[in-house]
Amino acid sequence: MKKLIFVTLISLIGYLALWPVDIEPVAWQAPENAYYTGAFSKNQKLSKIDRIELNGDTGPEDLAIDKNNNVYFSLLSGDIKFLDPNGDIHSWVNTGGRPLGIEFDSQGNLLVADAFKGLLSISSEGDITTLVNTVEGIDVRYADDVDIASNGMIYFSDASTKFHAQAHGTFGASLLDINEHGGHGRIIEYNPHTKTSTVLTEGINFANGVTLSHDEQSLLFNETGSYRILRLSLTGESRGSTEVVIDNLPGFPDNLAKGNNGLYWFGLVSPRSDPLDQLSNYPSLRKVLQRLPKFLHPKALNFGHIVAINDAGHVVFNLQDPNKIFGHTTGALEVGDKLYVSSLHDTALGVIKNVNY
């Protein structure tokens, strides 16, 4: 019996130390987590949210509004559906992939960052065209979010060039990329006139939500794996340079969208993980963590949280739902007197009506 225990123990140690895993973690120093204090102080303001049930659909990850005030949303099934002003939900198209970020252009086409397929354009008749699936010789493996300038230029994020969303699933690939912290994300500019794509910046730890600034001189984007939002200059001699807008967020930032009055809305899909932060500077131990059974891996927690900041990065609105009425929040979209809220895993859309945030 003692021999069996010894052999089992040695085998377990060997497995935890040597078994191959998908990640090659990079050492970094996570900023000290201030948790829900200061500008992010605890509250229940998002708990007043109403749920619009989706009748079996899951993961309304991003939102866009057309000229008729229909609110479109992208789903885990590959469907893109819309909610009309009367509150009825209609089916529209299925991309055959996993649509994430969506945005209408001036011609009424819906631009889609499809995690499996790249950057797509869908006409008002529902015809799907692939615009970009390779950039500078590297496949787009995790198209995540998209925005469009008034001059027609398109900007989108490729969250991870290493961990393919289709191979690992969007959620699984994000966990691998964030745990590795290898800087595999990039921000891409697509010129629809010349049909050419350019990498504007790379080395990002999970490049996520993108939105043009209100003056369109820069692009804001979320670096989810580093808990921060950056600004990328688009013009002049500083084009391609980045600066931090806000950092040390208490959770993982997801989508990012312009709001009214010069604001930018983003969702925190989950609070930060203490084990990931504590092991940030210990890549070998993060490998051990990856070898543990999946139920022991860090997971996204069901905590609703959306935030609005101004151009200076100051928090203007901080809406939280610790009561789990609507969780895994990815972002928000202002439509008239309503604020629609999206989610990575929920089976409903969220909406706040006629309230002062």
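Two strands are said to pair when DSSP finds at least two bridges between them. With that in hand, let us walk through this predicted model, starting at one of its sheets.

Strand β8, residues 118-122, and strand β9 run antiparallel and are joined by four bridges, which satisfies the pairing rule because at least two are required. For a concrete point to find on screen, pick leucine 120: its bridge partner in β9 is threonine 130.

Now widen the view to the sheet around this pair. Four strands make up an open sheet in the order β6-β7-β8-β9, and the pairing is antiparallel. The edges are held by β6 and by β9 (128-132); each of them has a single partner strand, so one side of each is left without a neighbour in the sheet. As you step from one strand to the next, the twist averages 30°.

Strand β6 also leads us to the next stop, the second largest pocket. The space in this pocket comes to about 420 Å³, and 25 residues line it. Nearest its centre you will find Glu103, Asp147, Ala257, Lys258 and Leu333. The elements that contribute two or more residues to the lining are β2 (63-65), β6 (99-104), β12 (143-148), β16 (207-212), β20 (251-258) and β24 (329-335). By character, the lining of the second largest pocket divides into 13 nonpolar, six polar and six charged residues.

From here, turn to serine 342, which sits in strand β25, residues 338-343. Serine 342 has a relative accessibility of 1%, so it counts as buried, the cut-off being under 20%. What does its side chain reach? One partner is the backbone oxygen of glutamate 61, at 3.3 Å from the side chain of serine 342. Another is the side chain of threonine 330, with which the serine 342 side chain makes a polar contact at 2.6 Å.

Let us finish with the enclosed spaces. How many cavities of 30 Å³ or more does a search of the whole structure find? There are two. The largest cavity holds about 50 Å³ of space. Its lining is formed by Trp28, Ile178, Asn179, Gly225, Tyr227, Leu276 and Arg286. Sorted by character, the residues lining the largest cavity are four nonpolar, two polar and one charged.

Key
Residues are numbered from 1 along each chain as its sequence is written. This is a predicted model: local features need pLDDT of at least 70, side-chain atom pairs count only at pLDDT 80 or more; totals for chains, interfaces and linings use all residues. Side-chain values use heavy atoms; hydrogens and water are left out. On a 1 Å grid over the protein atoms alone, a cavity is a set of points where a 1.4 Å probe fits but cannot get out, and a pocket is an open set with protein on both sides within 12 Å along at least five of seven lines; lining residues have an atom within 4 Å of a point. Grid points are joined across faces, edges and corners, and a volume is the space filled by probe spheres set on the points. Ala, Val, Leu, Ile, Met, Phe, Trp, Tyr, Cys and Pro count as nonpolar, Asp, Glu, Lys and Arg as charged, and the others, Gly among them, as polar. Axes are lines fitted to C-alpha atoms, for helices over the stretch in contact, and angles run from 0 to 180 degrees between N-to-C directions. Buried means under 20% relative accessible area, exposed over 50%, partly exposed in between (1.4 Å probe, protein chains only). A polar contact is a pair of N or O atoms within 3.5 Å; within protein, one must be able to donate a hydrogen and the other to accept it, and residues adjacent in sequence count only if both atoms are side-chain atoms.
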